[in-house]
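Take a walk through this model with the coordinates open. The route runs from single residues to pockets and back to the surface.

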Amino acid sequence: MRKPDKDTPVIVNLKNNDEEGRILALERYDILDAPEEASFENVMNLVQMVLKVPMCAISLVDRNRLCFKAQRGLGIDEVPRRNTLCDIAISQTVPLAVEDVFTDLRFADCALSLAQPRVRSYLGFPLRSPEGYNIGMLCVMDTVPRLFAETDYAVLNNFAKVIMNDLELRQAASKDHLTGTLSRRAWIEKSELEVERAARYKRPISLAVLDIDRFKYVNDTFGHPAGDRVIKYIAALCKKMIRKSDYCGRLGGEEFAIMMPETVLGDAYTVTERIRASFEKALIDVGAANLLSCTISVGVTERSRHELELAPFVRRADDALYQAKNDGRNRVEAA
């Protein structure tokens, strides 16, 4: 692989001119501001050991900031995106190599070079999603000028692939295979963090648990493929009718949960009532010229101000769902 020098023009990846698409690709992995993770820390240890560099980082390029998912030697979690080497690097189709930042006019205003830790040399490989968006960089840095070797390129390229493979496998595991909603485990993990955040900052958060009414009848009468179509329909409807900041998970069978951050009970009730009413009106094609009408029951609740954990929150929504079933089904019950 030929190493670009300071006279090499920046080669722009047209896919990354689509900044909104790039941000959506980054957000799909749901790793911004997440706690430290052993897999990424291990990559940092190996990169630093193999390439013998004082600094390295897995950087994620958000709208206005550079977030370090893991780092060694930098001592910071994030910096403003403007005037960073990684911000320039994500627009390229090739790795970015800078032998000496101080003598390269392209990077005269580089933030991490003008102040501590005084980065002098840099090599970064894009972390590229399967759709072709560069969501961030795997980069190594030194405090002295350095001409990176071909072996350095090969090592960093392989580690960048390892990181993206890990993210893709994690993404696949977090999705329910039938509906594309979050899996039960992924929904619980994400919800625990949201409840903790709401408690810490004293912000409202609401939860809805919903269940398809008389679903056993659907399976017994029309078969399991028909039941799968009904499940997929309600999942798609939920995803369509909630906000981007809300998220839906399949807890199991025909039961789903929707977490709604920054939402009070009244607004959560309104959203879930719209979902219930839309589902009731739908005629679902279940095959063999059969159009099926189904209903759902919903339990909805808001986190109490003293509630610090997810479990009692979910139990209260479950109790409300049970009450909705007892009161005749096809209704939303607020706790």
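L291 is exposed, because its relative accessibility of 56% is over the 50% cut-off. The residue belongs to strand 11, which covers residues 291-292. Now look back along the chain to R243. L291 and R243 are separated by 48 residues in sequence. Their C-alpha atoms lie 29 Å apart in space. The model is a predicted one, and these values are computed from it.

Next comes S183. Is S183 buried or exposed? Its relative accessibility is 14%, under the 20% cut-off, so S183 counts as buried. The residue sits in the loop between helix 5 and helix 6. Compare its position with that of P54. The sequence separation of S183 and P54 is 129 residues. From C-alpha to C-alpha, the distance is 39 Å.

Two residues deserve a look for their backbone. Most residues other than glycine have a negative phi. D30 has a positive phi of about 55°, and it is not a glycine. Find D30 in the loop between helix 1 and helix 2. Its relative accessibility is 44%, so D30 is partly exposed. K202 is the other residue to inspect. Its phi is also positive, near 55°, and K202 is not a glycine either. K202 lies in the loop between helix 6 and strand 7, the strand of residues 205-212. At a relative accessible area of 70%, K202 is exposed.

D30 leads on to the pockets. Which residues lie nearest the centre of the largest pocket? They are E27, Y29, D30, I31 and K190. So the loop residue D30, with its positive phi, is also part of this lining, as the 4 Å rule for lining residues has it. In total, 43 residues line the largest pocket. Its volume is about 1,800 Å³. Helix 1 (19-28), helix 5 (150-173), helix 6 (184-201) and strand 8 (247-252) each give two or more residues to the lining. Helix 6 provides the largest share, with 10 residues. What classes of residue make up this lining? There are 21 charged residues, 16 nonpolar and 6 polar.

Turn to the second largest pocket. It holds about 300 Å³ of space. Its lining consists of 16 residues. Nearest the centre are A34, E36, F68, K69 and D77. Which element gives the largest share of this lining? Strand 2, residues 65-72, does so with 6 residues. By class, the lining has 8 nonpolar residues, 7 charged and 1 polar.

The last stop is on the surface. L46, M49 and V50 form a nonpolar patch there. Together, these three side chains belong to residues with about 270 Å² of accessible area. Start from L46, which lies in helix 2, residues 38-51. How accessible is L46, and what class does that give? Its relative accessible area is 38%, so L46 is partly exposed. A patch residue needs over 30% relative accessible area, and L46 at 38% therefore passes that cut-off.

Technical notes:
Residues are numbered from 1 along each chain as its sequence is written. This is a predicted model: local features need pLDDT of at least 70, side-chain atom pairs count only at pLDDT 80 or more; totals for chains, interfaces and linings use all residues. Side-chain values use heavy atoms; hydrogens and water are left out. Patches are made of residues with over 30% relative accessible area and no salt bridge: like charges are joined within 9 Å, nonpolar side chains (Val, Leu, Ile, Met, Phe, Trp, Tyr) within 5 Å. Accessible areas come from the Shrake-Rupley method with a 1.4 Å probe; for residues, only the protein chains shown count as cover. A salt bridge is a side-chain nitrogen of Lys or Arg within 4 Å of a carboxyl oxygen of Asp or Glu. Helices (H or I, at least four residues) and strands (E, at least two) are DSSP runs, numbered from the N terminus. Buried means under 20% relative accessible area, exposed over 50%, partly exposed in between (1.4 Å probe, protein chains only). On a 1 Å grid over the protein atoms alone, a cavity is a set of points where a 1.4 Å probe fits but cannot get out, and a pocket is an open set with protein on both sides within 12 Å along at least five of seven lines; lining residues have an atom within 4 Å of a point. Grid points are joined across faces, edges and corners, and a volume is the space filled by probe spheres set on the points. Ala, Val, Leu, Ile, Met, Phe, Trp, Tyr, Cys and Pro count as nonpolar, Asp, Glu, Lys and Arg as charged, and the others, Gly among them, as polar.
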